[in-house]
Structure formats: structure tokens, C-alpha cells
Amino acid sequence: MKKLGIVITDGVGFRNFVMSDFLTEAILQFDTIIIYSGLPISAYPAVLPSGVTIKELDVFVEGKWTWFFRKWKELAHLHQFKSFYGMKDNLRSGYPKTNSVRSLLVKIIYFFTQTVHSSASILFAEKLQFLSFSKHTITKGYLQLVQEDQPTHVFFTHQRPPYLAPFLYAVIQSKIPVSSFIFSWDNLASKGRMLGTFDYFLVWSDLMKKELLYFYPNVKEEQVRVVGTPQFEPYVMDKYKTEKQDFYSKFALEGNQKIICFSCADASIGANDPVVIRTIANAIRENKMGFPCQFLVRTSPAEGPERFAMIQKDFPEIIWNTPKWILTRENHAESWSQRIPSEEDIKDLRSLLEYVDLNINMCSTMSLDFMLFDKPVINTVFGNPENGLYDDQRFLGYDHFKKVVDSQSVTIAKNPTELIDQIQEALAHPTSRTKERKALIELQITEDLVGTSKRIAATLSQWNDRT
């Protein structure tokens, strides 16, 4: 019997692998599917495909030694590849500003991983990390769960959450083949170490495969398969389609005006969002865009709209789209991970992508979403170390985003004047960068959106049959 275990850790994984066609396709390849969920069971639809069951994972909280060895592993990985700007920037931004006990421990780890950061030392730290929680009550519960269920393959939908390391340990100890999906386009070239060692990897693109083999030299080419990403599959699924007149009606939009959409980051990296929003709103009031325009702002799913309350008061003409993501669990160590999207929100997002005239964002993956619908994109980076704003210009040096800048598929606005000029240009000539946008999509995603879930399910089935 072919039995697939799927580890879903957060709301984005839920969107990618529950709200896409993945479960429908996977049950055609496997006799049984068990979802091992980092979300509460109540988050899932009441009706799932026949043969799919859900088991909620107990929440693991790291002990001191587990934290220490995990931090050692992650910082050593960043030091090993600090010639990459994103790795170096994460090292710089993560260096403690205080001298608390934990901060001093982190500083000690920084000190010795500057010189001790070989692949062998990283794997040694990982071995100590796994040993530190091997006798933990929750780890023992995971081992019992896996041995009772006996899945023939386990698939992690995210390669990084450290609180899932004990579950990975349980799978490895049970000698069950295990694979992972690389969660996002920036994870390999700028983020810390994966939660552990997997047998197989699913990646977005040929570019991501190349990155994986470079940053994880112990991984062999035959362990990696390019499949695209289910993140964008809802954009080709009929169930999420909205007719244009329904979109205009829902958001009270005027049919004879251009629509400018600004998509926010969360507060941690989108501190300049209010400055950009005010810049655009004022320019529209002053008729500087060259066309009659209306302004729609989509806030981040990771937070509420509270930080924009003053802007809402000052600019009542702005149309707001607050993502309808539901918080499924309170008091979680990473509460943002416990938010899941509603079907209505996926429809809202797709209609935005399809019907607005221009998107503006701060170096977000949303650039790709809008490019899939051939929409012009402007990336705003107003902040630098000299002007007192949050330094978002540093993100231009990150390896994954430097490729976007170099592709000429977007324009980069470093101040209000550049932004207004670029808005005027994009609205007047919306297809001038169509060729560059298509080239970037092919670089970052590679495979067609249609059939993504089918491709992933078939690949997991093939890997299952190897054993």
C-alpha cells in the first residue's frame, strides 16, 4: 500500500497544498494520505477527498540546548556563504544589540562560526541538535505516531521551520524516505539552514535546483526535481475566477479610471509602506499620473490594517483590501503561521492581479504574481542609511532580487519623484516590458502553472516506488 504523509506547517502551505489541486491529484497516486498538521484540525475543510485524514501535531518548543545547536548550525551556514549579500546582511541584522545571557551566547556562536563553518561542522551541529531532543516526550510521541501509521513516503511542504525538526527526526529514525518542497524563491540564497537532511527535494525552477546544489553540496543532482510551485496554481483554476464586472462592483471601482494597486509587506520589513502610500495618494489628488486613477491598497496577510488607520482617515478615497486570512490558533510561537486564507481571499487576489493596471510593492514575491498576468511592476525602496527611513534599499543586493533588477522586468523607485515618473510611464506603456517579464517568470518558475499539482504528485509517487 502506498501511503503518503504530508507535513503542512502554516497558512501558506495550507494554501499551496490544500487549496490547490494537490490533494485531488495525490490521492490518484497514493492509496492513503495522512496530513500531519502544524495547524489545528478545525482549520481544514469539513469535506476532503476520500482517503485523506488529518493528524494534528503536538507543538514542540525548543529547549536551551536544542536552541543552541540549531543556532550554531544556522549561523555556520550563513558564515559559510557570506560572500552572498543576503547571507551577509542576515548575519549583520541578526547580531545581538544587547548583552543578555542569550545575546552573549549568540555572540559566542557568531565568534567561533566565523572560522568553524565547514559542511562537516554544520552536520555535526545538526547531529547534536537532533540528539538534544531525541528523548523529549513530544519526539517520542512523534516516533510512536509515525511507526503506527507507517507512511511509505513523507513530504514536508516547507524546509525551514525548526519546531518540526523532531518530526523529521522521527521519520528518519523510522527509515521512511522523506522529501521537501523549497518554500520560497529567496530561501536558498539568503536564509539560514534547513531544519534537517532530506532524501529528495522539489524546487520551483532550474535556477533553484542550481542554487540548492551549490548551497547544499551533500545533495546530489538526482535527488532534486524541478516541478514549479503550487503557490500560483489558483491563478489557472476556474473555481477562483472572478468576472471583471463583479470585481469592479465588489470594490466600488470606476470603469473609466486606471487602477493602481500597492501591495504591502508586513511591518517588520514594510516600515516605509505608509510613506509610499501617502506619496501615491497625494499624486493622484494632484492629478500627476497622466490618467484619471483610483488607488487600491492590499495589506499583508501576516497582520491587520491597524498601522494604516491614520492614512485611512486622511485619504478616505483609498480602497482597501484586507486579506481575509483566519487566525486558527492563539498563543503560538509563530502566530503568523497559524493564519489561513479563505477561498474568498484567493478570489480577491486573483481578480486584483487580473484587472488592475499597475502594481507597486517593496521587492515582494508579489512582483511575480502580477507578472504572471503581464502587469507592470514598480518596486519601491525609499530607505537608506542616510535618510532616516528603514533601509529597504539593501534588499536590491540580495541575490534572488538582484536577478529581478538585472532582468529589467521591473523599475526601481528610490524616491517619490522616481516613483511618480515610473507610474506615468507604466500607465502610458503597460506592455513595454512584456518580454522581460516573461523571461523572468521562465527563470523563476520554469514549469507551466497548469498541471503543477499533478507534476508534484507524480514525482512523489515515483520517489515512493524507488524504495
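This short talk goes through a predicted model of one protein chain, from its overall form to its core, two of its helices and its internal spaces.

Let me begin with the chain as a whole. The chain contains 19 helices and 15 strands, and its C-alpha atoms fill a box of roughly 65 × 55 × 40 Å when that box is taken along the principal axes. What radius of gyration would a compact globule of 467 residues have? The expected value is near 23 Å, and because the chain has 23 Å, the two agree. Buried residues account for 58% of the 467 residues. If we take the contacts between residues at least 6 apart in sequence, 71% of these contacts join residues at least 24 apart.

Now to the interior. As background, in soluble globular proteins nonpolar side chains tend to be buried together. In this model the largest nonpolar core has 124 residues, and the ones with the most contacts inside that core are Phe-22, Phe-155, Phe-156 and Phe-167. Which helix gives the most to this core? That is helix 3, residues 64-80, with seven residues. There is also a second, separate core of 28 residues, which includes Val-276, Leu-419, Ile-420 and Ile-423.

Phe-156 is a good residue to click on in the viewer. Leaving out residues up to four places away in sequence, Phe-156 touches, among others, Val-7, Leu-164, Phe-167, Leu-168, Val-178, Phe-181, Leu-195 and Phe-198.

Two of those partners, Phe-167 and Leu-168, take us to helix 8, where both are buried. Seven of the nine residues of helix 8, residues 165-173, are buried, so this helix is largely enclosed by the rest of the structure. Besides Phe-167 and Leu-168, the buried residues of helix 8 include Ala-165, Pro-166, Tyr-169, Ala-170 and Val-171. What do the buried residues of helix 8 pack against? They pack against strand 1 (3-8), strand 2 (32-37), strand 4 (153-156) and strand 5 (178-181), together with helix 6 (119-133) and helix 7 (137-149). After helix 8 comes Lys-175, whose phi is positive, near 60°.

Let me return to helix 3 and look at two of its residues, starting with Trp-67, which lies in this helix. Is Trp-67 buried or exposed? Its relative accessible area is 7%, and because buried means under 20%, Trp-67 counts as buried. Not counting residues up to four places away in sequence, Trp-67 touches Glu-62, Arg-102, Leu-105 and Val-106. The C-alpha atoms of Trp-67 and Pro-162 are separated by 9.1 Å, although these two residues are 95 residues apart along the chain.

The other residue, Ala-76, also has its place in helix 3, and Ala-76 is buried with a relative accessible area of 0%. With neighbours within four places in sequence left aside, Ala-76 is in contact with Thr-113, Val-116, His-117 and Ile-122. Its C-alpha atom is separated by 9.2 Å from that of Ala-125, a residue 49 residues away along the chain.

Finally, I turn to the empty spaces. How many cavities of 30 Å³ or more are there? The count comes to two. About 80 Å³ of space lies in the largest cavity, and its lining has six nonpolar, four polar and one charged residues. Among the residues that line the largest cavity are Thr-9, Asp-58, Phe-60, Tyr-142, Leu-164 and His-332. Leu-164 also appears among the residues that Phe-156 touches.

The second largest cavity has a volume of about 50 Å³. Its lining includes Trp-185, Trp-204, Glu-211, His-400 and Gln-444, and the largest share of that lining, three residues, comes from helix 10, residues 206-215. By class, there are four nonpolar, three polar and one charged residues in this lining.

There are pockets as well, and I will describe the second largest pocket, which holds about 250 Å³ of space. Of the 18 residues that line this pocket, the closest to its centre are Val-18, Met-19, Ser-20, Pro-45 and Lys-239. Helix 2 (22-29) and strand 12 (339-341) each supply at least two residues of the lining, and the lining residues divide into 13 nonpolar, two polar and three charged.

Notes. Residues are numbered from 1 along each chain as its sequence is written. This is a predicted model: local features need pLDDT of at least 70, side-chain atom pairs count only at pLDDT 80 or more; totals for chains, interfaces and linings use all residues. Side-chain values use heavy atoms; hydrogens and water are left out. A nonpolar core is a set of buried Ala, Val, Leu, Ile, Met, Phe, Trp, Tyr and Cys residues joined through side-chain atoms within 4.5 Å. Buried means under 20% relative accessible area, exposed over 50%, partly exposed in between (1.4 Å probe, protein chains only). Helices (H or I, at least four residues) and strands (E, at least two) are DSSP runs, numbered from the N terminus. Contact means heavy atoms within 4.5 Å. On a 1 Å grid over the protein atoms alone, a cavity is a set of points where a 1.4 Å probe fits but cannot get out, and a pocket is an open set with protein on both sides within 12 Å along at least five of seven lines; lining residues have an atom within 4 Å of a point. Grid points are joined across faces, edges and corners, and a volume is the space filled by probe spheres set on the points. Ala, Val, Leu, Ile, Met, Phe, Trp, Tyr, Cys and Pro count as nonpolar, Asp, Glu, Lys and Arg as charged, and the others, Gly among them, as polar. The radius of gyration is taken over C-alpha atoms; the globule rule is 2.2 Å times the number of residues to the power 0.38.
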